[in-house]
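Hi,

Here is the structure I said I would pass on. Have a look at it first, and my notes on what I found follow underneath.

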Amino acid sequence: MEKLLLGTLLLIVLSEGATQSDMRGNVFIFPEESATAYVSLIPRVKKPLRNFTLCLKAFTDLTRTYSLFSYSTKIKDNELLLFVNKVGEYILYIGNTGVTFKAPPSSFAPIHVCASWESDSGIAELWVDGKPVGRKGVRKGYSVEAEAKIILGQEQDSFGGRFDAKQSLVGEIWDVSLWDHVLSRKEMCASCYSGNLLNWQSLTYESNGYVVTKPKVWA
């Protein structure tokens, strides 16, 4: 009976235009600046988050602002947002409140970014290429809402929309994973894609606009 229910749920999801795939070894490419190209991610479980860890890899030659991960609710457009303000400067938003982290600008290479947050202490941490770049307090006691639109490639200024091409990602993104707990430093490995909410090995997603899936060329 449980397998039947799971199969029915999967069928419903896929019938709405979504795809479920093992994305290991592949990337989403956003080839040009656009307000219409994005990828919607569907989590394995929808639940309020009092803790989380988000990890991803990306490559771009942009020097302007762009979004890496946008999680919007009907009440707060920046419920959970990982945003690059300029090269080496990251902003993590929780419940529409942001904290800024500054990392040494990387060479012409991909970035591996992990962000974590715990509600009880309000402490947010950011790691870039396996190195910590700071701990800051934001939204202590808060709970990230469960019902959300999760989007790669664009920054949402409303629930699932109002994209600005000048904040779009032009480049590649891969190994996106989301956990409902804070990972230890040891667990933040370079090839971690087994999140219990978003899992790159079993990713349910829907591409919109000019988005291309290709084998990755970066490690």
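Before anything else, keep in mind that this is a predicted model. Confidence first: the mean pLDDT of the protein is 91, with 92% of its residues at 70 or more. The stretch to leave alone is residues 1-15, where pLDDT stays under 50 and the model has six contacts beyond four places in sequence. Where pLDDT is low, the predicted coordinates should not be read in detail.

Now the overall picture. The protein has 15 strands and one helix. Its C-alpha trace spans about 50 × 40 × 35 Å along the principal axes. For 219 residues, a compact globule would have a radius of gyration near 17 Å, and the 16 Å found for the protein agrees with that. Of those 219 residues, 48% count as buried. If you take the contacts with a separation of 6 or more, 67% of them come from residues 24 or more positions apart.

The part I spent time on is an open sheet of seven strands, paired antiparallel in the order E11-E10-E9-E4-E13-E2-E15. The edges are strand E11 (131-137) and strand E15 (212-215); each has a single partner strand, so one side of each is left without a neighbour in the sheet. From one strand to the next, the twist averages 25°.

Strand E10 (residues 123-128) is a good place to zoom in. On one side, five bridges join E10 to E11, and the two run antiparallel. Ile123 stands opposite Gly137 in E11, and Glu125 has Arg135 of E11 opposite. On the E9 side, strand E9 (residues 111-118) is also joined to E10 by five bridges, again antiparallel, with Ala115 and Leu126 as bridge partners.

Both of these pairs are hairpins. E9 and E10 have four residues between them, and Gly122 in that turn has a positive phi of about 75°. Between E10 and E11 there are two residues, and Asp129 sits in the turn. Phi of Asp129 is near 55°, which is positive in a residue other than glycine. Asp129 is partly exposed, at 38% relative accessibility.

How many of the six residues of E10 are buried? Five are, so the strand is largely enclosed by the rest of the structure.

One E10 residue I would look at with the side chains switched on is Glu125. Glu125 counts as buried because its relative accessibility is 17%, under the 20% cut-off. The Glu125 side chain makes a polar contact with the side chain of Trp127, at 3.2 Å. Beyond four places in sequence, Glu125 is in contact with Phe101, Cys114, Ala115, Ser116, Gly134 and Arg135. Arg135 is also the residue standing opposite Glu125 in E11.

There is one more backbone detail, away from that sheet region of my notes. Asn96 has a positive phi of about 70° although it is not a glycine. You will find Asn96 in the loop between strand E7 (89-94) and strand E8 (97-102). With a relative accessibility of 37%, Asn96 counts as partly exposed.

If you open just one view, I'd pick E10 with E9 and E11 around it, given the five bridges to E9 and the five to E11.

Cheers

Notes:
Residues are numbered from 1 along each chain as its sequence is written. This is a predicted model: local features need pLDDT of at least 70, side-chain atom pairs count only at pLDDT 80 or more; totals for chains, interfaces and linings use all residues. Side-chain values use heavy atoms; hydrogens and water are left out. Two strands pair if DSSP finds at least two bridges between them. Axes are lines fitted to C-alpha atoms, for helices over the stretch in contact, and angles run from 0 to 180 degrees between N-to-C directions. pLDDT is the predictor's confidence in each residue, from 0 to 100. Contact means heavy atoms within 4.5 Å. Buried means under 20% relative accessible area, exposed over 50%, partly exposed in between (1.4 Å probe, protein chains only). A polar contact is a pair of N or O atoms within 3.5 Å; within protein, one must be able to donate a hydrogen and the other to accept it, and residues adjacent in sequence count only if both atoms are side-chain atoms. The radius of gyration is taken over C-alpha atoms; the globule rule is 2.2 Å times the number of residues to the power 0.38.
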